[in-house]
Amino acid sequence: MLQGEGGIKKKKKTRELRFKDIQHAVGWTLSGKSGFSSWPAEATKRILVVIVTTCTLLIIRLQIMGSKLPVFTRFDNPASVSEWPTRYLTYNYLVSVNLWLLLFPCDLCCDWTMGTIPLVESVTDKRNLATLASYVVVLVLVYVALVSENRQQTNNIIMSLGLLVFPFLPASNLFFPVGFVVAERVLYMPSMGFCMLVAYGFGLLMEKRLSVFPPFSSHLRSLVGSISAANKSFIISNLVLGDEHPASPSDKTSKTRRRNLRPACSSFLSHDSCIRANKGEDENRKFCWTAMLLLILVHTMKTYMRNFDWKDEYSVFMSGLKVNQRNAKLFNNVGHALENQERFQEALKYFQKAVSVQQDDIGAHINLGRTYNHLKMFKEAEEAYLEAKALLPKAKPGESYQARIAPNHLNVFLNLANLIAKNETRLEEADFLYRQAISMRADYTQAYINRGDVLLKLNRTKEAQQVYEKALFFDSTNPDIYYNLGVVFLEQGKTSQALAYLDKALEYDPDHEQALLNSAILLQEFGQEEFRKIAQERLLKLLQKDDRNEKVYFNLGMLAMDDNDLKAAEHWFRKAIYLKDDFRSALFNLALLLADDNRPLEAAPFLNQLVRYHPNHVKGLILLGDIYINTIKDLDAAENCYKKILELEPENVQGLHNLCVVYVERGNLIEAENCLKRVHILAPDEDYIIRHLQIVQTRIGKSKVQTNSSNSNNITGKNDSLESSNNNDGGDGNNNSSSANNNNNSTLRKRIRNDTENRTEKDVVIPKNIDKKVNPSSLS
């Protein structure tokens, strides 16, 4: 009631839900009586909101998980696959482990799975005492809350225990198994309740500070023995017990009582006794605050130091190994961190240690095999994968194979098949492994993708198409599958359908690098200006993502050549070669461009670089030999080029004809005649070869009646006609050398640009997560 100028006003208060209300409600419910009216309506609304919110969150979580339960292995939670009583003894012991982490968070670890905490296999295990002590502490707190007449104390304890216990129960393994043994992350909300208990205990120590001095408290009680009951109650409750309830009707608030505390001390005690009481009070206050500040300081320092452990993956898992050497997953994850840094030799040691700690850990063997693969130790890699495969659950005779296998363990089939597929003679064996993985998990899209790649290598494009289409049934939004279907149609020569699937891949992933690159190349091949603009946009988009991709620069150069922008083409080709100095197509096309631009001396170094890295590049050798003959005049070097071509392709007409030209330049007409006759046999319908043979035979006839000098001049005058071995236009022997050379180069350029091996990347996409790291980082 509040008295104001306008009369008496009532202050409306929302009634709180008290613990005793819950007790009464449960009692009325169990007794079957009706009419219980002390339950507040607001409490009902709040509880309904909490229930609806919880159910909604559970439904959302199930939707995110695809309405499937996760698959846990016995390594994630060893107790979950143990027999009674080991399972329940261990589960209950874990309660005390979690309480100890809250009380003394010294040895923290990011992963507590596998063998970190040995199983409690017997009731005689000493660790059961810790379990018993934990439950006793909780039960004592519950008892105090139930019997206490102090409403504030009851509310504090119940609220603290509620935050401590209820958020922890779903992860406690007591009602259903979870995928971990201990996880420090699940103690986040329980730590709030624990901190509330600590704060409440600190408050009690501060309120009941005189009770820590028993001699003085008993002396005080003897002194106030003759005092009136009301004043006695007031003094004892405030000086000794710290009771919050008013003991004297005259005291309106606790502040008034505290203000009257020291005068009362002066009234009933001697001056010395009051001094001792005040001194003891100050000492106890200092002790409590010192202990609290020390606790805060220690935890602050621990938090600060822990930040260094979480600097990166390597540091956090190494910090775990300092605490726990029995967890193979920690060794695996340290290995993963080193593997990400390409420190494979160091990673190998940790994976080997993981195998030694947990010899039946499938994931450790897979990791070991993958690291051997990185180190090019393929035999050891295959042995590791086979050992992992042997550890998978076996089918029982006469029963269908229905064992639940962790998805990451199925990667042993993919990794082993990928390794085997490197050997072209074992592709069928790899295909069998992919089919085996698919039989264990019908929606295993990664296996479909890899199997399609193998089928393409086996030239079974129709089957590959069917495999990818089936993969789309399980994952219709996977851009890699659409991309690979585009590759299939590209292999079948169906460029329009291939482009449609590449565009579909870009629809789901606009940044898909392979789809952007190959669709740009296909658009360019259509030869239409509007398509070339789209192709250029896609290539420039790739450059924004990765300016170190030499293939993008090369294809930009080819686009520039289509637009007759030789300066831009030269720029892009040079960029591509700068990034990859053995880039075959870029080296040849740049040399070809420079030769066409009457800059053969600039082209020669790139051709030499080309044949140094690719000594079997026939077209490069032909162009280089032509420059040696017509520009550099190095006949020996030209002869070496053409002889190298004939070693690679003994029936190469162009190479053999140009070798004949070298013989003519040297004046070896008889040898040149024999050479041209061999060329004529290889290409009897080529008019220019017949014409060149006649020219040489004519010169031989004239040489019998003319002087050597005249013979030399005549042959030199007719030499140009012999250079144009690719000139099929029927021109006469007086064709200009430069024009013949340009025609020759144009033919070469046309061939290289239609060579899809140098343009379109037809490699099927193998997603990066196929060669998968099992036992991924599962931070607590």
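**Group meeting: a walk through a predicted helical model**

Let's start with one repeat. In residues 328-361, the end C-alpha atoms lie 8 Å apart, and the span is 79% helix and 0% strand. Keep in mind that this is a predicted model. The label for that span comes from UniProt. An unreviewed entry there lists "repeat: TPR" at residues 328-361, 362-395, 445-478, 479-512 and 550-583. Now take residues 479-512 from that list. The end C-alpha atoms of residues 479-512 lie 8 Å apart, with 79% helix and 0% strand across the span.

Next, the loops around these repeats. Lys376 sits in the loop between helix H14 (362-374) and helix H15 (378-390). Its phi is near 65 degrees, a positive value in a residue other than glycine. Is Lys376 buried or exposed? Lys376 counts as exposed, because its relative accessibility is 61%, and the cut-off for exposed is over 50%.

Asn564 is another case. You'll find Asn564 in the loop between helix H24 (550-562) and H25. Phi of Asn564 is near 60 degrees, a positive value, and again the residue is not glycine. Asn564 has 65% relative accessibility, so Asn564 counts as exposed.

Then Thr477. This residue lies in the loop between helix H19 (461-474) and helix H20 (479-491). At 45% relative accessibility, Thr477 counts as partly exposed. Which residue is 32 residues from Thr477 in sequence, yet 9.1 Å from it in space? That is Asp509, with the distance taken C-alpha to C-alpha.

On to charges. How many salt bridges does a search of the whole structure find? The count is 25. I'll show you a few.

Arg538 and Asp503 come first on my list. Their side chains meet in a salt bridge at 2.9 Å, N to O. This pair links distant parts of the chain, with Arg538 in helix H23 (residues 529-545) and Asp503 in helix H21 (residues 495-508), 35 residues apart. The two ends sit in contrasting settings. Arg538 counts as buried, because its relative accessibility is 18%, and the cut-off is under 20%. Asp503 is partly exposed, with a relative accessible area of 30%.

Now a pair within one helix. Glu570 and Arg574 both lie in helix H25 (residues 566-579), four residues apart, about one turn of the helix. Why does that spacing suit a contact? An α-helix has 3.6 residues a turn, so residues three or four places apart point the same way. The side chains of Glu570 and Arg574 do meet, in a salt bridge of 3.0 Å, N to O. Glu570 is buried, with a relative accessible area of 13%. Arg574 is partly exposed, at 35%.

One more bridge. Arg599 and Glu602 pair through their side chains at 2.9 Å, N to O. Glu602 has 36% relative accessibility and counts as partly exposed. Salt bridges that share partners join Glu570, Arg574, Asp597, Arg599 and Glu602 into one network.

Next, helix H26. H26 covers residues 584-596, and its end C-alpha atoms are 18 Å apart. At 1.5 Å a residue, its 13 residues should span 18 Å, which agrees. How many of the 13 residues of H26 are buried? The answer is 11, so H26 is largely enclosed by the rest of the structure. Among the buried residues are Leu587, Phe588, Leu590 and Leu592. Asn589 is on that buried list too. After H26 comes Asn598, with a positive phi near 55 degrees.

Further along the chain there is Asn630, in helix H28 (residues 618-632). Asn630 counts as buried, because its relative accessibility is 18%. What does its side chain touch? The side chains of Asn630 and Asp626 are joined by a polar contact of 2.8 Å.

Last, the membrane annotation. For "transmembrane region", an unreviewed UniProt entry lists residues 47-64, 129-146 and 158-180. Residues 129-146 are 100% helix and 0% strand, with end C-alpha atoms 26 Å apart. Residues 158-180 are 35% helix and 0% strand, with ends 28 Å apart.

Leu146 belongs to helix H4 (residues 127-147). Leu146 counts as partly exposed, at 37% relative accessibility. Val142, Tyr143, Leu146 and Val147 form a nonpolar surface patch, with about 350 Å² of accessible area together.

One backbone detail to finish. The peptide bond from Trp84 to Pro85 is cis, with omega near 5 degrees. Pro85 lies in the loop between helix H2 (41-64) and helix H3 (86-103).

Terms used
Residues are numbered from 1 along each chain as its sequence is written. This is a predicted model: local features need pLDDT of at least 70, side-chain atom pairs count only at pLDDT 80 or more; totals for chains, interfaces and linings use all residues. Side-chain values use heavy atoms; hydrogens and water are left out. UniProt positions are given in the numbering used here, feature names are shortened, and annotations may be inferred rather than shown by experiment. Helices (H or I, at least four residues) and strands (E, at least two) are DSSP runs, numbered from the N terminus. Buried means under 20% relative accessible area, exposed over 50%, partly exposed in between (1.4 Å probe, protein chains only). A polar contact is a pair of N or O atoms within 3.5 Å; within protein, one must be able to donate a hydrogen and the other to accept it, and residues adjacent in sequence count only if both atoms are side-chain atoms. Patches are made of residues with over 30% relative accessible area and no salt bridge: like charges are joined within 9 Å, nonpolar side chains (Val, Leu, Ile, Met, Phe, Trp, Tyr) within 5 Å. Accessible areas come from the Shrake-Rupley method with a 1.4 Å probe; for residues, only the protein chains shown count as cover. A salt bridge is a side-chain nitrogen of Lys or Arg within 4 Å of a carboxyl oxygen of Asp or Glu. The expected span of a helix is 1.5 Å times one less than its number of residues.
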